[in-house]
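User: Hi! I'm new to this one and would love a friendly walk through it. Could you show me the structure first?

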Amino acid sequence: MSGIHTSATGDAEARDIAGLDGLAQLQAYIDGGRSLSPIAETLGFRLARIEAGEAEIVAEPGPHVLNGMGVAHGGYMATLLDAAVACAIHSLMPAGVGSTTVELKVNMVRALPVTVSPVRAIGRAIHTGRMLGTAEGRLIGPDGTLYAHATTTCAVLHPRK
């Protein structure tokens with residue numbers, strides 16, 4: 001995830017945040033009530049909180065995320081965690097530098113019924129360097145129950161010269 005959402009009509013939006021560092025870009029999404037990406041719109045999640053090195057994604061699972069067993073699909077849980085950990089890393093990027101997931105490891109520790117709502121995916125950066133960033137995340141229910149946890153490695157994307 002680069003942290004910059006550009007849609008067919010989002011060119012002006014991308015220009016508005018292009019000169020900002022990662023933390024300011026992500027805060028602009030929150031302040032403007034904008035979606036992070038088309039997948040966020042499709043799955044119905046949003047960036048609710050951002051700090052340097054920490055991000056919180058909030059979602060309300062519904063029937064659109066069910067697997068054949070009647071609980072939230074593992075890919076849904078992984079996507080929420082991927083967004084949270086990637087945003088945590090991106091929040092530490094300087095202006096003009098992006099990041100993208102190259103590895104994601106998810107452990108689902110219990111089934112997520114869609115009646116559990118809202119859920120929060122909280123990502124925390126562990127390390128960011130010139131080439132790689134790492135982070136960890138937890139997917140929790142409103143009562144603090146852990147549903148899944150993850151680690152990621154993201155590539156740091158510098159502008160081409």
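Analyst: Happy to. One term before we start: a residue counts as buried when its relative accessible area is under 20%, and as exposed when that area is over 50%. Also keep in mind that this is a predicted model.

User: Good to know. So how many residues of strand S6 are buried?

Analyst: Nine of the 12 residues in S6, which spans residues 146-157, are buried, so by that cut-off the strand is mostly covered.

User: Which strands does S6 join up with?

Analyst: S3 (residues 98-108) is joined to S6 by 10 bridges, and the two run antiparallel. S5 (residues 132-140) is joined to S6 by nine bridges, again antiparallel.

User: Which residue in S6 is the bridge partner of Asn107?

Analyst: That would be His149. Over on the S5 pairing, Ala135 stands opposite Thr152, and Ile140 stands opposite Leu146.

User: What do S5 and S6 form, and how many residues sit between them?

Analyst: They form a hairpin with five residues between them. In that turn, Gly144 has a positive phi of about 90 degrees.

User: Let's zoom out. In what order do the six strands of the sheet come?

Analyst: The order is S1-S2-S4-S5-S6-S3, in an open sheet with antiparallel pairing. At the edges are S1 (45-51) and S3, each of which pairs on one side only. From one strand to the next, the twist averages 20 degrees.

User: And which strands does helix H4 lie across?

Analyst: H4 (residues 74-90) lies across S1, S2, S3, S4, S5 and S6. Its direction is at about 135 degrees to S3.

User: New topic: charges. How many salt bridges does a search of the whole structure find?

Analyst: Five. Arg49 is a good place to look: its side chain meets that of Glu51 in a salt bridge, at 3.0 Å from N to O. Arg49 also forms a salt bridge with Glu54, where the closest N and O atoms are 2.7 Å apart, and another with Glu56, at 3.0 Å.

User: Are those glutamates buried or exposed?

Analyst: Glu56 is buried, with a relative accessible area of 10%, and Glu54 is buried too, at 16%. Glu51 is partly exposed at 41%. Arg49, at 25%, counts as partly exposed.

User: Which residues do the shared partners join into one network?

Analyst: Arg49, Glu51, Glu54, Glu56, Arg120 and Arg124 are joined into one network by salt bridges that share partners.

Terms used
Residues numbered from 1 in each chain as written. Predicted model: local features only at pLDDT ≥ 70, side-chain atom pairs only at ≥ 80, totals over all residues. Heavy atoms only, no water. Buried < 20%, exposed > 50% of the residue type's maximum accessible area, 1.4 Å probe, protein only. Helix = DSSP H or I, 4+ residues; strand = E, 2+ residues; numbered from the N terminus. Pairing = 2+ DSSP bridges. Axes fitted to C-alpha atoms, helices over the stretch in contact; angles between N-to-C directions. Contact = heavy atoms within 4.5 Å. Salt bridge = Lys/Arg side-chain N within 4 Å of Asp/Glu carboxyl O.
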